Amino acid sequence: MSLGETAADSAPFFSDDSEAEEPAGGAAAQRTTEEESPASGVTKGRALLTVLILCYINLLNYMDRFTVAGVLPDIEHYFGINDEKSGLLQTVFICSYMFLAPVFGYLGDRYNRKYIMSVGITFWSLVTLASSYTPKEHFWVLLVTRGLVGVGEASYSTIAPTIIADLYVKGQRTNMLSVFYFAIPVGSGLGYIVGSQVSAAAQDWHWALRVTPGLGLLAVLLLLFVVQEPKRGGIEDRPDHHMQRTGWLTDLQALSRNYSFVLSTFGFTAVAFVTGSLALWAPTFLFRAAVFTGERPPCVEGNCASSDSLIFGVITCVTGVLGVASGVQLSRQLRTRTARADPLVCATGLLLSAPFLYLAIVCAQASTVATYVFIFLGETFLSMNWAIVADILLYVVVPTRRATAEAFQIVISHLLGDAGSPYLIGVVSDSLRKTDSFLWQFRSLQFSLLLCSFVAVIGGGFFLATALFIEEDRRRAENPASDDEPIVVPKSGRSTRVPVSSVLI
């Protein structure tokens, strides 16, 4: 440990004048260096370019994820599968995605993040391309390849927000995160649109899965040659080499005691449950409603729900942009009045989305227009959470634990959220179906989707609970030394760093 490092974190109990003078010179040199270049080690122009590239990759991430949902009726018809097996397509993807997220979170807190993401995206692109060649007799191959796609996506989703956190702080960070999370609804909507329209143009749903791989390989090149790795915590005047690093188990223990992180994660789990269910089943539900009311003919030769997927995709894009933007703006205005603004906005969004989603589901057989209007309103309120939840995590967790926190938020929210919700909706739908008539194909799926409204209300309650702890947890993250500050005490004539708690009685 150098004297400069010692002075940055703590002061020794006993030191002579020469020891006191050296750190001062080191600090002056450090200030000079910081004036020449940003604290993150990345110029402003490169930082903005990095965010745009990460946003582009995030868009591809969600575009690929929901391409399958856009052509789900075609896949069901092609393989001759029921709702239960259809739900597995999303479940196997989310399961591999969430179980590998902690691995990439651990690596992302310790190694070069852009190289980890590059390897993961390359793997994801190649596996997605391979899945488009699945033969008709081997549905299990499509399940396996969709599961492997989650491996690549876990490497990106876990790490990318932490890079943005190391490039910007406070209001700028919120703005950049909102740009980054715009890509979630927009990418999801493009997945429905591109999937359904490419399938219709090629008269083959396999081609829908061949769009994103090439764009993914372009993203890898941009990562390798344009993105620059920022210093962890440098932008917050807490560079990672000055911060006390702890073991993985210690990190998990600290996160488990962070009530804002835990409660907001459970709140976000409800968001994942609802969005996962709607993402896979909404176009199919709308198609079955149209068949039941006689507006559309039954699916016979493929291209079953191309128009429904197109409309739902457009709604998802527009509501995502409106929801994220309005959520960030509302949060920014309320922060001047209360430090609890973020969780309160998240809670409001979920609680308001619940009745509109309920009305969208129960009105489907009566009015298609009313259904789309209620879906529009419900998804707008639901989308208010995306950027705010990410911002909450970043300011209640210290920089050296952020990738691990991102990873475990992914695990919990997907394990209890969208990993099982598409499959659960499919199982409930099959169990409720009394006959294979068009009536019961529609009714059974309608009744099972009503779960989404009740889960949204529960999620709103978790965010209200988060508001009780958000101020204290943010203070601890901004001043981690206040709870257990490393100090230096003499030991056998040498300076030794120990925690405050081990010497104060």
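Mentor: Before we start, pLDDT is the predictor's confidence in each residue, from 0 to 100. This is a predicted model, in which local features need pLDDT of at least 70 and side-chain atom pairs count only at pLDDT 80 or more, while totals for chains, interfaces and linings use all residues. Residues are numbered from 1 along each chain as its sequence is written, and side-chain values use heavy atoms, with hydrogens and water left out.

Trainee: Over which residues does pLDDT stay under 50, with 31 contacts beyond four places in sequence?

Mentor: Across the protein chain the average pLDDT is 77, and 82% of the residues score at least 70. Where pLDDT is low, the predicted coordinates should not be read in detail. The stretch with 31 contacts (heavy atoms within 4.5 Å) beyond four places in sequence, where pLDDT stays under 50, is residues 1–37.

Trainee: How many helices does the protein chain have?

Mentor: Helices here are DSSP runs of H or I with at least four residues, and strands are runs of E with at least two, both numbered from the N terminus. Alongside two strands, the protein chain has 22 helices.

Trainee: Which helices each supply at least two residues of the lining of the second largest cavity?

Mentor: Leu278, Phe312 and Glu379 are among the residues that line the second largest cavity. By class, this lining has nine nonpolar, no polar and one charged residues. The helices that each supply at least two of its residues are H12, H14 (341–362) and H15.

How values were computed. 1 Å grid on protein atoms, 1.4 Å probe; cavity = no way out; pocket = protein on both sides within 12 Å on 5 of 7 lines; lining within 4 Å. Nonpolar A, V, L, I, M, F, W, Y, C, P; charged D, E, K, R; others polar.
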